[in-house]
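Here is a short set of questions and answers on enclosed space and helix packing. Keep the viewer open as you read.

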Amino acid sequence: MKKAVLYVFSGTGNTTLVAELYKKYLTDYETTICKIKCSKEDGYEPYPDARDFDLVGLAYPVHGFNAPKVMNDFTKLLPEIDVQNWGKKKTFIFKTSGEGLTFNNYSSQKIIRRMERKGYEFFTEHHFVMPYNMIFRHSPEMVKSEYIYADARVRLNVKELSENRKNKIHYCPLRYWFVPIVRIEWIYAQLQGPAMKVNMKKCIKCMKCVNICPMHNIKFDTQKEKFKFGTHCALCVGCSFNCPQKAISIGLLNGWRINGSYNIKKTAADENIEFPHFTNKLKGLHRWLYRKHYLRLEALLKENNIELIPQN
């Protein structure tokens with residue numbers, strides 16, 4: 001049986017959830033999901049060698065219209081492919097964000113160019129809208145639609161890959177200039193880390209933040225009874241989002257903080273929640289952030305005879 005590896009960086013779990021859908025539908029492959037984790041002291045945790053797989057997927061949440069620095073740096077470590085003897089390595093990208101803006105389309109360009117030089121051949125790139133973990137909380141109606149559409153988009157992408165169809169995400173050179181400017185977030189994330197604080201009056205010392213951090217950037221000093229945030233932060237906000245006591249302040253971005261799981265699968269399966277949500281009824285900001293994205297997706301699904309399947 002053919003083998004696939006999905007290299008996934010995920011802070012609050014949205015990208016991992018989409019990766020699990022890929023594992024479900026890539027039935028022609030034995031699929032391994034590798035969660036990317038890294039520490040400042042020891043570097044990246046051991047990961048499978050891409051040369052041992054027939055299909056390679058790269059997955060990440062979009063941060064400020066860019067791939068997170070940790071994902072960008074990880075691709076530097078992936079091995080070069082012996083193209084003369086083995087041919088190019090079949091590769092694809094999927095990424096998540098909390099809105100459907102087309103500026104998110106340009107987040108992978110730096111990674112794609114690097115990987116192509118190494119002998120990886122890119123076939124597809126897909127952008128999935130999933131619930132925000134910052135800025136504002138998505139409603140149950142939004143969450144349900146996002147997951148059901150994500151399920152359909154994964155099935156579409158698997159079909160493209162099985163048919164060896166290349167379908168790179170829409171790209172406009174006139175807009176690409178903006179993306180490197182926002183890449184300053186890579187630097188800001190390192191400055192942001194030490195600015196994060198824990199309210200010890202609320203904290204119950206469950207250590208969830210320490211254990212969940214993919215960058216191993218949070219330490220607890222047992223003698224001083226306090227948490228220390230280092231300079232290796234990826235700004236994934238997994239710590240604050242998952243804190244059961246809402247005890248973590250994320251510095252200058254604290255006004256955008258969201259706490260608590262969406263329980264996405266359960267919400268998507270709830271028959272009492274409206275579906276679909278992203279229709280012409282959308283108004284104002286929500287119409288701008290989502291309507292065009294889902295119109296484009298609906299056209300792709302119709303073109304490929306992919307149906308939306310209710311979850312249960």
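**Cavities and a helix pair**

The structure holds four cavities of 30 Å³ or more. This is a predicted model: local features need pLDDT of at least 70, side-chain atom pairs count only at pLDDT 80 or more, and totals for chains, interfaces and linings use all residues. Residues are numbered from 1 along each chain as its sequence is written, and side-chain values use heavy atoms, without hydrogens and water.

Q: Which residues lie nearest the centre of the largest cavity?
A: A cavity is a set of points, on a 1 Å grid over the protein atoms alone, where a 1.4 Å probe fits but cannot get out; lining residues have an atom within 4 Å of a point. The largest cavity has a volume (space filled by probe spheres set on the points) of about 120 Å³. Of its 16 lining residues, those nearest the centre are Met196, Cys233, Cys236, Val237 and Cys239.

Q: How many charged residues are in the lining of the second largest cavity?
A: Its volume is about 100 Å³. Asp, Glu, Lys and Arg count as charged; Ala, Val, Leu, Ile, Met, Phe, Trp, Tyr, Cys and Pro as nonpolar; the others, Gly among them, as polar. The lining has 11 nonpolar and two polar residues, and the charged ones number two.

Q: Why is helix α1 called oblique to helix α5?
A: Helices are DSSP runs (H or I, at least four residues), numbered from the N terminus. α1 (residues 14–25) packs on α5 (residues 140–162) with axes 9 Å apart. Angles under 35 degrees count as roughly parallel, over 145 as roughly antiparallel, 65 to 115 as roughly perpendicular and the rest as oblique. α1 is oblique to α5 because their angle is about 45°.

Definitions and conventions:
1 Å grid on protein atoms, 1.4 Å probe; cavity = no way out; pocket = protein on both sides within 12 Å on 5 of 7 lines; lining within 4 Å. Axes fitted to C-alpha atoms, helices over the stretch in contact; angles between N-to-C directions. Helix = DSSP H or I, 4+ residues; strand = E, 2+ residues; numbered from the N terminus.
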